[in-house]
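Trainee: I have a structure open on my screen and would like to learn how to read it. Could you walk me through it?

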Amino acid sequence: MKDILGVCIILLAFFSVIFSFFYKKRQSFVYKRMAILCGLVTVGVMAIFLLTAHVDPTIAKSIPKDSKKNAASTQPDPILATNAGMPGVTDAATDALTKKQIQHQNKDAENSMNEKAMTPKILSDGTKEFILTATPIVWNLYQQKNVNVWGYNGQTSGPLLRVKVGDRVKIILKNKLKEPTSLRFNGISIPAKMGGIPNKPISPGSSFTYEFKITSDMVGTHSYGSGTNMDKQINYGLHGVLLVEPEKSMEYPDADVDAIFDIGSFIVDQKTEENVFTLNGKPGPNSPNLQMEQGQRVIIRIINSSAESYHAMHLHGYTFQLVSQDGHHLAKPVSMNVVNLAPEETADIEFVANAPGMWMFHCHILDHTMNPDDEMDEMSGLMTNFMVKPKGKLKSDMSGM
């Protein structure tokens, strides 16, 4: 600002002299008026310059000479938003994973969909012990998009934990991250020291054992995930699914197909909002597809593990029944075409696969069905396909549907 004012003063003074010179030569009042105008404007600009350049001498004396240039550094830091400094996950090298490793990750997502649960260690007193290790991992999203995320036991979403009413469980969390973390369990009643306030963070290199008994009020679809710095750590991949079954039966004994879709989110490309959405850790077109046969009764368990985003899950070609919310069965199922889930909500929906063909299952917030910088896949992100095979049709014949 001061430099600009200085240049203006010089130019105005120059033009004032020029106009005065022409007035003396030609005695034209036009040049006289212009010279006077330039002179007045010059005085005004000089006044502004002096005002902006003025420094209170008492302030100047109070600042040591060698520290004046660093005066700004002594001021208190501004109050930052809670997600300041957390732009999201970073890219890994495009060749950070082999084709075989990517296929293994895709298989983990498919196994989660098909409810292949982690096998616990059975202790001498019958307690079921699960060990979850939180570590940094490289995860493939789509095409050559590999990112540095966090996961449990090398995957995100984490391993499915399945327990029954009456079980005594121990879940040991080992922290191999470079910052504290912890676990919390949504929708189940456990002792406060196992996840209440305060939920004590586990230091890097340490572990903690969460121990509780499974009771009948816990039956249903639930989630687990980080209880420390949650906005960041959940969006880094620290979440998974906990299924609680009745003691001597299955929750949905009449279901022919029982599948899980855990919705996750990542923030990529240094943005500030969630912009990649996944099913069991994978966005479309790498999200797992579900196959079923015509006439089968299907249960879909949906978990919204996004830290910040609502989702509106929609199934083409069907009206489904909402039969359970947040692990609690509804007294009367509700017919719908779109089910809305806030963060951490779960919903179990049911339908009979009576319409053969390939049907899209996706979020109806449509920018959730696009991957950033993915020009090859028109529909991607939070979407997958349900393939309903006509009776008697071989699996290999589904490609033309």
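**Reading the sheet and the cores**

Mentor: Gladly! Keep in mind that this is a predicted model. Let's begin with a sheet: six strands make an open one with mixed pairing, and their order is β12-β11-β14-β19-β16-β17.

Trainee: Which strands stand at the edges of this sheet?

Mentor: Look for strands with a single partner. Here these are β12 (276–279) and β17 (328–336), so one side of each is left without a neighbour in the sheet. On average, neighbouring strands are turned by 25 degrees against each other, direction ignored.

Trainee: How many bridges join β16 to β17?

Mentor: Five bridges link β16 (residues 320–325) with β17, and the two run antiparallel. To see one facing pair, find phenylalanine 320, which stands opposite methionine 336 in β17.

Trainee: Now the nonpolar cores. Which residues touch the most other members of the largest one?

Mentor: That core has 37 residues, and Ile171, Leu183, Phe185 and Tyr210 touch the most other members. Several strands supply at least two residues each, among them β4 (145–152), β6 (168–175) and β8 (207–213). The largest share, seven residues, comes from β3.

Trainee: What does leucine 183 touch?

Mentor: Leaving out residues up to four places away in sequence, leucine 183 has contacts that include Leu132, Tyr152, Ile171, Leu173 and Tyr210. There is also a second, separate core of 29 residues, including Ala259, Ile263, Leu279 and Ala355.

Trainee: Let's turn to the backbone. Where are cis peptide bonds found?

Mentor: Check the omega angle. One cis bond joins threonine 156 and serine 157, with omega at about 0 degrees; serine 157 sits in the loop between β4 and β5. Another joins glycine 284 and proline 285, where omega is about 10 degrees. Proline 285 belongs to the loop between β12 and β13 (290–293).

Trainee: And phi? What is its value in asparagine 280?

Mentor: Phi of asparagine 280 is near 55 degrees, a positive value in a residue other than glycine. Asparagine 280 is placed in the loop between β12 and β13. Aspartate 326 also has a positive phi, near 50 degrees, and lies in the loop between β16 and β17.

Trainee: Is asparagine 280 buried or exposed?

Mentor: Compare the relative accessible area with the cut-off: buried means under 20%. Asparagine 280 has 2%, so it is buried. Aspartate 326, at 31%, counts as partly exposed.

How values were computed
Residues are numbered from 1 along each chain as its sequence is written. This is a predicted model: local features need pLDDT of at least 70, side-chain atom pairs count only at pLDDT 80 or more; totals for chains, interfaces and linings use all residues. Side-chain values use heavy atoms; hydrogens and water are left out. Two strands pair if DSSP finds at least two bridges between them. Helices (H or I, at least four residues) and strands (E, at least two) are DSSP runs, numbered from the N terminus. Axes are lines fitted to C-alpha atoms, for helices over the stretch in contact, and angles run from 0 to 180 degrees between N-to-C directions. A nonpolar core is a set of buried Ala, Val, Leu, Ile, Met, Phe, Trp, Tyr and Cys residues joined through side-chain atoms within 4.5 Å. Buried means under 20% relative accessible area, exposed over 50%, partly exposed in between (1.4 Å probe, protein chains only). Contact means heavy atoms within 4.5 Å.
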